[in-house]
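Work through these exercises with the model in view. Try each task before reading its solution.

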Amino acid sequence: MAEATPSRMTGGLVDEPKVLIVGLGLIGGSLAAALRAAGFGQGGHPGTIVACDPSADEIARGIDMGLIDSGATQLASLVEGASLIVLAVPVLAMQSVMSELAALLPEAQVSGGAPQVVVTDVGSTKAAVRDCALRAFGRLPSGLVLGHPIAGSEKSGVSAANPRLYVDHKVILTPTSETSPGALARVTALWRACGAEVLEMDVARHDQVLARTSHLPHLLAFSLVDTLARQDERLEIFRYAAGGFRDFTRIAGSDPVMWRDIFTANREAVLTALNDFEAGLARLKLAVERGDSDAMLAIFDRASHARHYFDSLLNQTSYQAEYQMQQQGKLTFRAAPGGRVAGRIRVPGDKSISHRSIMLGALAEGVTEVKGFLEGEDSLATLQAFREMGVAIEGPHQGRVIVHGVGMHGLKAPAGPLYVGNAGTAMRLFAGLLAGQAFDSELIGDASLTKRPMGRVADPLRLMGAKIDTAEGGRPPLKIHGRQPLKGIDYDMPMASAQVKSCLLLAGLYAEGETRVREPAPTRDHTERMLAGFGYEVHREGDTCWLRGGGKLTAAPIDVPSDISSATFFLVAAAITPGSNLTLEHVGINPTRIGVINILKLMGADLWLANEQEVGGEPVADLHIRYAPLKGIDIPLDQVPLAIDEFPALFIAAANATGVTRLRGAEELRVKESDRIQAMADGLAAIGVTHTVVEDGIDIVGAGDREIAYGGGRIDSLGDHRIAMSFVVAALRAGEEIVIDDCANVATSFPGFTELARTVGLMVNEERGGSAS
Ligand code: NAP
């Protein structure tokens, strides 16, 4: 027999001289077909594939189909020379095949550090197959590698063989301490050659996981379909079967013998899974019996989002990265020169307020209806975390979310760590909230969040009496111990941070006495305002705000104000375009955010507020703007922090003003999604706007009342959504088209931007993979 070396992938081929497949059915036949498709035994490749099957017809069919070179109904004649033997027989046939094999294979061939012959299997359960091997060989040979391809179909027999069955599917190998690394490598190479992803797991774990993910669903399908098929009105049931029932009948159409074998072989793990399921079903039954709609919603909501949640968690992606991936490929904006700006529009909701509406809605008593909700990373992560803690949340659907609040003490312990993706604000705010709960919890995030320090919240929370463990350097994961009595503190924040302030105030809700936070510079106050909107008293005097623990929140409808940062693009569009007249409805005008209004007014914009009111503690107004010539100004330093996100658009306003606009004290702009000063300067240069960059700002020379203010050009937004949208606006006074690359991120802050821009008269189109829409 040719000596088999540990198999290597050679150009996608497996380096085995002779593969013997025992059991030429769906799984064995598909393996042969996949190997053939990878070139095994084809076009000069020396390998042969032989098969053993009780049915001579199946062997003949396998030869006819070109899957195998030869075969026999008895093992004895085939083992000689085989370097890799794959057992693809039903699980309950494994014992007899293994015993036969043990008698035919000299022990030295399947044992030792580098066994000549490697034996593997495909059985759907592993402990039973391992026990067969133990009985047959007297111990586990080092050349034995048990495995299970997680791929299949309801069909059986070699005629159903499919060369692509394993492509992009998982194969679980369950090596033991006896398994030789060389044997493991050869079986790994076999499956990789078939296009599969190979994973390793121990035997017991495999059986438990499969009992839940595969065996239990099949058991339920068999049982449900059988139960309904035995009822009097069964013909009606099957005649009107809808999609859901069809899915059940599809898996109940699987091979009965194979499943009988699986349930026999994996009895213990299946019964444990079934017990858990019965307990869950009993809870649901009770909720239905009692008409407990919150309990039902909580279960259904959690279940309906489970897939997205676990995909994000397993892939360690942010919630929005998932969303972005759906955007597929690169997105380019093409903005034609000229256009008008007129009409009445509402831009998407404020991200920070959307986020907090979920947090406070969940802790409130009663149902909170949120309108104008913006799906940001923090909001999505927070929605999921509350679902994990038993809160029923409907939506989001077209900006509407309904949160069924559970009250300050109604959260339930989550089943595992809470995964917040890339949401830094969510993690910091949750740290405060969870510190006051009666259960332990753990907060984890994606790879980039895991590098960010959490000490700035963990340290003051510890001062309040919280028990929080962090990884090295104060980094996530955060392990938060429940049932710790919290005491209010008087905290001087070393840095101006709305996140730290909000975190401490949320912990303060659960603390004894007053929690006071002093900020060195004003920060956004959305948390305080929304707490007040939910009926919780929050005090403010000078640079300090405080609240007293032990109160309650009362649900209140929230019409999320439009985000002033998003409104800015349209304010600037109208401000620079002669003849324009625009109304932006229901825009948040929180005093910590209105720098852009103040700056545009200083530049001479004809801008005024109407219909001012307070919604959920936040001031909102309709913004009206008409064209008026702008003049260059020195931007007052005290307005810079209040307009920090709005500068990319304000630079376009400056490029259209008369004279020079000077910005200083804006070094923070260099560390945003991009170095915004440089990225904007590069874009301004591309369209011919004169400017000078300085360390903490920029001077921009405006075009004055020239009808065409600058040329066109191609801009790289560097994935920065605000830069992309700013140059769309710039095109209104450009002489030629402006093309902006890398715009997919616009959807994260401003879904539907180009559609809305077109409705007021901008001429912008999206181009995805080369085609304009
Ligand atoms: P299949 O299409 O029925 O094929 C099994 C084959 O094994 C049949 O051709 C059968 O021949 C043959 N066989 C039975 N006893 C034998 C013996 N003592 N010696 C040699 N051959 C024997 O079933 P399958 O779907 O391929 O399943 C095979 C294995 O794969 C099972 O262990 C199953 O648990 C596992 N698996 C199946 C799936 C799936 O979705 N189907 C997925 C993953 C893993 P006869 O029909 O003539 O008896």
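**Exercise 1. Two helices side by side**

Are α15 and α16 roughly parallel or roughly antiparallel to each other?

Solution. Note at the start that this is a predicted model.

Step 1. Find the two elements. Helix α15 covers residues 424-435, and helix α16 covers residues 455-463.

Step 2. Take the angle. The two helices pack at about 10 degrees, and their axes lie 10 Å apart.

Step 3. Apply the cut-off. Angles under 35 degrees count as roughly parallel. Therefore α15 and α16 are roughly parallel to each other.

Step 4. List the residues that make the contact. From α15 come R428, A431 and G432. From α16 come R456, V457 and L461.

Step 5. Sort them by class. The contact of α15 with α16 has three nonpolar, one polar and two charged residues.

Step 6. Add the hand. α15 and α16 form a right-handed crossing.

**Exercise 2. A second helix pair**

At roughly what angle do the axes of α11 and α14 cross? Find the class of that angle and the residues involved.

Solution.

Step 1. Locate the helices. Helix α11 spans residues 293-315, and helix α14 spans residues 377-388.

Step 2. Read the geometry. Their axes come within 10 Å and cross at roughly 130 degrees.

Step 3. Classify. Roughly perpendicular ends at 115 degrees and roughly antiparallel begins over 145. So α11 is oblique to α14.

Step 4. Name the contact residues. α11 supplies D301, R302, H305 and Y309. α14 supplies Q384, R387 and E388.

Step 5. Sort them. The contact of α11 with α14 divides into one nonpolar, two polar and four charged residues.

Step 6. Give the hand. α11 passes α14 in a left-handed crossing.

**Exercise 3. Three sites to place**

Are A211, T174 and S441 buried or exposed? Give the element and the contacts of each one.

Solution.

Step 1. Start with A211. This residue sits in helix α6, residues 203-229. Its relative accessible area is 0%. Buried means under 20%, so A211 is buried.

Step 2. List the contacts of A211. Leaving aside neighbours within four places in sequence, A211 is in contact with L216, P217, N266, A269, V270 and A273.

Step 3. Compare sequence and space. E268 is 57 residues from A211 in sequence. Their C-alpha atoms are 9.1 Å apart in space.

Step 4. Move to T174. It lies in a loop between β10 (170-173) and α5 (181-193). T174 is buried because its relative accessible area is 1%.

Step 5. List the contacts of T174. Residues up to four places away in sequence are not counted. T174 then touches K126, L146, M201, D202, V203 and H206.

Step 6. Finish with S441. Strand β18 (residues 441-444) holds this residue. Its relative accessibility is 8%, so S441 counts as buried. Residues up to four places away in sequence aside, S441 touches L434, L478, K479 and I480.

**Exercise 4. Backbone details**

Which peptide bond ending at P396 is cis, and what is its omega near? Then look at a second cis bond and two residues with positive phi.

Solution.

Step 1. Take P396. The bond from G395 to P396 is cis, with omega near 5 degrees. P396 is in strand β15, residues 392-397.

Step 2. Take P477. The bond from P476 to P477 is cis, with omega near 0 degrees. P477 belongs to strand β20, residues 475-481.

Step 3. Turn to D168. Its phi is near 60 degrees, a positive value in a residue other than glycine. D168 lies in the loop between β9 (147-150) and β10. Exposed means over 50%. At 69% relative accessibility, D168 therefore counts as exposed.

Step 4. Turn to Q398. Its phi is also positive, near 45 degrees, and Q398 is not a glycine. Q398 sits in the loop between β15 and β16 (400-404). Its relative accessible area is 76%, so Q398 is exposed.

**Exercise 5. The domains**

What separates the centres of domain 2 and domain 3?

Solution.

Step 1. Set out the division. Domain 1 is 9-201, and domain 2 is 210-272. Domain 3 joins 332-343 with 563-772, and domain 4 is 351-559.

Step 2. Take the distance. Over C-alpha atoms, 59 Å separate the centres of domain 2 and domain 3.

Methods:
Residues numbered from 1 in each chain as written. Predicted model: local features only at pLDDT ≥ 70, side-chain atom pairs only at ≥ 80, totals over all residues. Heavy atoms only, no water. Helix = DSSP H or I, 4+ residues; strand = E, 2+ residues; numbered from the N terminus. Buried < 20%, exposed > 50% of the residue type's maximum accessible area, 1.4 Å probe, protein only. Contact = heavy atoms within 4.5 Å. Axes fitted to C-alpha atoms, helices over the stretch in contact; angles between N-to-C directions. Parallel < 35°, antiparallel > 145°, perpendicular 65-115°, else oblique. Left-handed = near helix turned anticlockwise from the far one by under 90°. Nonpolar A, V, L, I, M, F, W, Y, C, P; charged D, E, K, R; others polar. Domains from an automatic or database assignment.
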